[in-house]
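Me: Please take a close look at one contact between helices in this model, and then set it beside the other local features that can be described with care. I would prefer one connected account to a list.

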Amino acid sequence: MTDDAFDFAIVGGGLVGLAIAYGLVRGNQRVVILDEGDNALRASRGNFGLVWVQGKGQGLPAYSSWTQLSARLWPEFAQMLRDDTGVDVALEQKGGFQICLSEAEMRVRVDAVRQLMIQPGFETYEIRTLDRHQLQGYYPGIGPGVVGGSYSALDGHLNPLKLFWALHLATQERGAAYRPNAPVTRITRDASRFVLACKESKAVLAQRVVLAAGLDNARLAPMLDMDLPVRPQRGQILVLERLRRFMDRPIVNLRQTDEGTVLIGDSQEEAGLDDRTSTTIAATLADRAVRTFPVLANARVVRTWGALRVMSPDGFPIYDRSRTQPGAFGATCHSGVTLAAAHALALAPRVIAGDLGDMLAPFAPARFQSARRSMEYV
Amino acid sequence: MFRRACPSRHLIQVTVDAETVNVEAGDTVAAALLALGKDACRTTPVTGSPRGPYCMMGVCFDCLVRIDGKANQQGCMVLVKPGMRIELQHGANALVDVLSAGRVRGTSPGNC
Ligand SMILES: Cc1cc2nc3c(=O)[nH]c(=O)nc-3n(C[C@H](O)[C@H](O)[C@H](O)COP(=O)(O)OP(=O)(O)OC[C@H]3O[C@@H](n4cnc5c(N)ncnc54)[C@H](O)[C@@H]3O)c2cc1C
Ligand code: FES
């Protein structure tokens, strides 16, 4: 196979690019994945690993439906990855919790759930509100300050590094070419093909192109007359020593992995391209975890890290198709673990078809244009 | 497997898995265990395979042991002390062990 035989060039080898690439190779497309090197900023290797539904979609009910679809597709997707690679991503979808540590938090939570559910067009599912006593049935060790929480049976988690690994293996197993250390600098068009200029290596030619370059999507999209206005948002994670399994189900900011490690997360900071950690955030994360499970005060923190989310202005995914450059697509989201199944099994077939379809229309970036126009005059 | 290059000079008593033994003052817990012939000080939480001190300088985390009730301490970074309770680790620590470690240290869980 020669370079100019590629049906698709995927720019970016994070979870979004790899999931789409996997769907494309399963659809018998010839795919090349162009990626940066090992020390790139890459949300896909620093995330929390939740497959999460509850609470999402305030302001855009279609986002909840899309997330619910992905959660439903996940068991089948995990099985495909296992069949292709032998890697078990440790998917568990037994439900998950959000915990409230004060009456005020509880009121906000209950109200948010109600607001979410009453939106026109919202595809309902059950989010149960639990009081302290009901929560104790699931977690006997909760602290005296835990007031209550919410529960959805659709939530779950997996091992995100195994997912990342499985997607690398599976795409290549099915014939995708993977080119690390090949950051795309510029994309142009020559007659019928896209020309992707890569730093320090030969340009790549492809019939079609999918931008999935995480934070760099903001720079690359205008080259193809698309709009992917993402910004970094930092999240920090505390990693505790491995403990025998004591949590049966994840909490949105606290979970125990398949291998016993306890992860604490869910911080959100606007910190530019800085992915370092800070003790103030670590202390806040630890404090919340200890108020949830007091016994964790004696567990040891073995590691902390920071990673940058790929965040759109309204927090919802963006899927775009260039109107002036047929064959160019862009995808970005801040829940690339949750949505990986939908990206592979629902988005990729639409990309092959060349039309994103009705279900994905609400995610077009046109929704930002009016906001942008008004900002230009500020 | 390991033999001391110089004979012991100043012995102190500690317990290893409740058995009272003599170790050399000034040794780290990891060095003391190696000198006692206990090459594997723990089994891993995931696969249960044996591990022992490797780098002896705080980098590899293979020397984890329970010291005075507190699990997952790097044996190579802690000096032996008279009366110290050293325990080899088997798999992952349970949360109840974490709880009892709190009691041993006289802190109540929750005051961190
Ligand atoms: C702390 C934290 C916790 C999170 N928790 C969760 C969670 O629990 N559940 C969940 O669903 N999601 C979670 N996420 C979000 C999830 O990790 C991201 O949505 C997902 O990883 C985004 O994938 P991506 O491929 O778009 O971006 P990235 O992972 O950032 O990948 C982008 C890729 O593009 C490459 N690239 C960039 N520029 C170029 C270029 N010019 N040419 C070629 N390649 C390029 C990069 O090297 C990188 O490989 C979390 C994120 C963070 C930071
Ligand atoms: S022996 Fe390597 S950290 Fe202790």
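Reply: In this predicted model, the helix contact in chain A is formed by Leu15(A), Leu18(A), Ala19(A), Ala21(A), Tyr22(A) and Val25(A) on the α1(A) side, which meet Leu163(A), Phe164(A), Leu167(A), His168(A), Ala170(A) and Thr171(A) on the α5(A) side. Sorted by character, the residues of this contact comprise 10 nonpolar and 2 polar ones, with no charged residue among them. Two packed helices are described by the angle between their axes and the distance between the axes. Here helix α1, covering residues 15-26 of chain A, and helix α5, covering residues 160-173 of chain A, have axes that come within 9 Å and cross at roughly 35°. The handedness completes that description, since α1(A) passes α5(A) in a left-handed crossing.

Elsewhere in chain A, a helix is found together with a sheet. Three strands of chain A make up an open sheet in the order β4-β6-β5, and the pairing is antiparallel. The edges are taken by β4 (96-100) and β5 (128-131) of chain A, each of which pairs on one side only. Averaged over neighbouring strands and with direction ignored, the turn of one strand against the next in this sheet is 25°. Helix α3 of chain A, made of residues 103-117, lies across β4, β5 and β6 of chain A, and its direction is at about 135° to that of β4(A).

The strand β4(A) can be followed residue by residue. Its antiparallel partner is strand β6 of chain A (residues 148-152), and 5 bridges join the two. Two of the pairings can be named: Gly96(A) stands opposite Ser152(A) in β6(A), while Cys100(A) has Gly148(A) as its bridge partner in β6(A). In a regular strand the side chains alternate between the two faces of the sheet. In β4(A), Gly96(A), Gln98(A) and Cys100(A) point one way, Phe97(A) and Ile99(A) point the other way, and all of them are buried. Although β4(A) is an edge strand of its sheet, the strand is mostly covered, with 5 of its 5 residues buried.

A contrast in exposure is offered by two loop residues of chain A that touch each other. Lys199(A) sits in the loop between β10 (193-198) and β11 (201-211) of chain A, and Asn181(A) has its place in the loop between β8 (177-179) and β9 (184-190) of that chain. Once the neighbours within four places in sequence are set aside, the contacts of Lys199(A) are with Asn181(A), Ala182(A), Pro183(A) and Thr185(A). The C-alpha atom of Lys199(A) is also separated by 9.2 Å from that of Arg186(A), a residue 13 places away along the chain. Lys199(A) counts as partly exposed because its relative accessible area is 48%, and exposed would require over 50%. Asn181(A), with a relative accessible area of 53%, is therefore classed as exposed. The backbone of Asn181(A) deserves a check as well, as its phi is near 55°, a positive value in a residue other than glycine.

Chain B has a comparable backbone feature in Asp68(B), where phi is near 50° and so again positive in a residue other than glycine. This residue lies in the loop between β5 (64-67) and β6 (70-74) of chain B, and it is partly exposed, at a relative accessible area of 33%.

Taken as a whole, chain B contains 2 helices and 8 strands, which follow one another from the N terminus as β-β-α-β-β-β-β-β-β-α. Buried residues account for 41% of its 112 residues, and its accessible surface comes to about 6300 Å², with 55% belonging to carbon and sulfur atoms. Of the contacts in chain B between residues at least 6 apart in sequence, 43% join residues at least 24 apart.

One sheet of chain B is open and consists of 3 strands in the order β4-β3-β8, with mixed pairing. Its edges are β4 (50-51) and β8 (89-90) of chain B, each having a single partner strand, so that one side of each is left without a neighbour in the sheet. The parallel pair is formed by strand β3 (residues 42-43) of chain B and β8(B), over 2 bridges, and in it Thr43(B) stands opposite His90(B).

Technical notes. Residues numbered from 1 in each chain as written. Chains lettered and ligands numbered in written order. Predicted model: local features only at pLDDT ≥ 70, side-chain atom pairs only at ≥ 80, totals over all residues. Heavy atoms only, no water. Axes fitted to C-alpha atoms, helices over the stretch in contact; angles between N-to-C directions. Helix = DSSP H or I, 4+ residues; strand = E, 2+ residues; numbered from the N terminus. Left-handed = near helix turned anticlockwise from the far one by under 90°. Contact = heavy atoms within 4.5 Å. Nonpolar A, V, L, I, M, F, W, Y, C, P; charged D, E, K, R; others polar. Buried < 20%, exposed > 50% of the residue type's maximum accessible area, 1.4 Å probe, protein only. Areas by Shrake-Rupley, 256 points an atom, 1.4 Å probe, with all protein chains shown as cover. Pairing = 2+ DSSP bridges.
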